[in-house]
Amino acid sequence: MFWKKKKKERISFDPEQVKPVIRCSICNGEQVAGFQNLQTKKFEEIMILRNPQDLQDFMEQYGIAGEVEKIY
């Protein structure tokens, strides 16, 4: 019933192969955080962003600092 919160582990990614982006829908405003391959421009979904805390969690989990580019 009373569990300890798990520490969030940092997951590494190769910044020379992929870049962190937020894909935004023009129709309904849905936002999804993930990584875009720099070679193929293919997007890999990681998590849906429902509030600003989700974005903060995504950035902390992957060790991202600064702004994350939005793509449409």
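1. Start with two strands. β1 and strand β4 (residues 69–71) are joined by three bridges, and they run parallel. One contact can be named: V21 has E69 in β4 as its bridge partner. Keep in mind that this is a predicted model.

2. β1 also has β2 as a partner. Here the pairing is antiparallel, over seven bridges. Look for C24: Q31 in β2 stands opposite this residue.

3. Next, look at the turn. The hairpin of β1 and β2 has six residues between the strands. G29 in this hairpin takes a positive phi near 80°.

4. Is β1 enclosed or open? β1 is largely enclosed by the rest of the structure, because five of its seven residues are buried.

5. Now turn to the aromatic rings. How many aromatic pairs does a search of the whole structure find? The search finds four. One of them is F13 with F35, a tilted pair. The ring centres are 4.8 Å apart, and the planes make an angle of 40°.

6. Where do these two residues sit? F13 is in the segment before β1 (18–24). F35 is in strand β2 (residues 31–37). They are 22 residues apart, and the pair links distant parts of the chain.

7. Check how much of each residue is accessible. F13 has a relative accessible area of 24% and is partly exposed. F35 has 6% relative accessibility, so F35 counts as buried, the cut-off being under 20%.

8. Another pair is F58 with Y62. Their ring centres lie 5.3 Å apart. Why is the pair called tilted? The planes are at 50°, and tilted covers angles that are neither under 30 degrees nor over 60.

9. This pair sits within one element. Both F58 and Y62 lie in helix α1 (residues 52–62). They are four residues apart, about one turn of the helix.

10. Are F58 and Y62 buried or exposed? F58 is buried, with a relative accessible area of 0%. Y62 has 12% relative accessibility, so Y62 counts as buried too.

11. Finally, put the rings together. F13, F35, F58 and Y62 form one aromatic cluster. In that cluster, F13 comes from the segment before β1 and F35 from strand β2, while F58 and Y62 come from helix α1.

How values were computed: Residues numbered from 1 in each chain as written. Predicted model: local features only at pLDDT ≥ 70, side-chain atom pairs only at ≥ 80, totals over all residues. Heavy atoms only, no water. Phe/Tyr/Trp six-rings, centres within 6.5 Å; stacked < 30°, edge-to-face > 60°. Buried < 20%, exposed > 50% of the residue type's maximum accessible area, 1.4 Å probe, protein only. Pairing = 2+ DSSP bridges.
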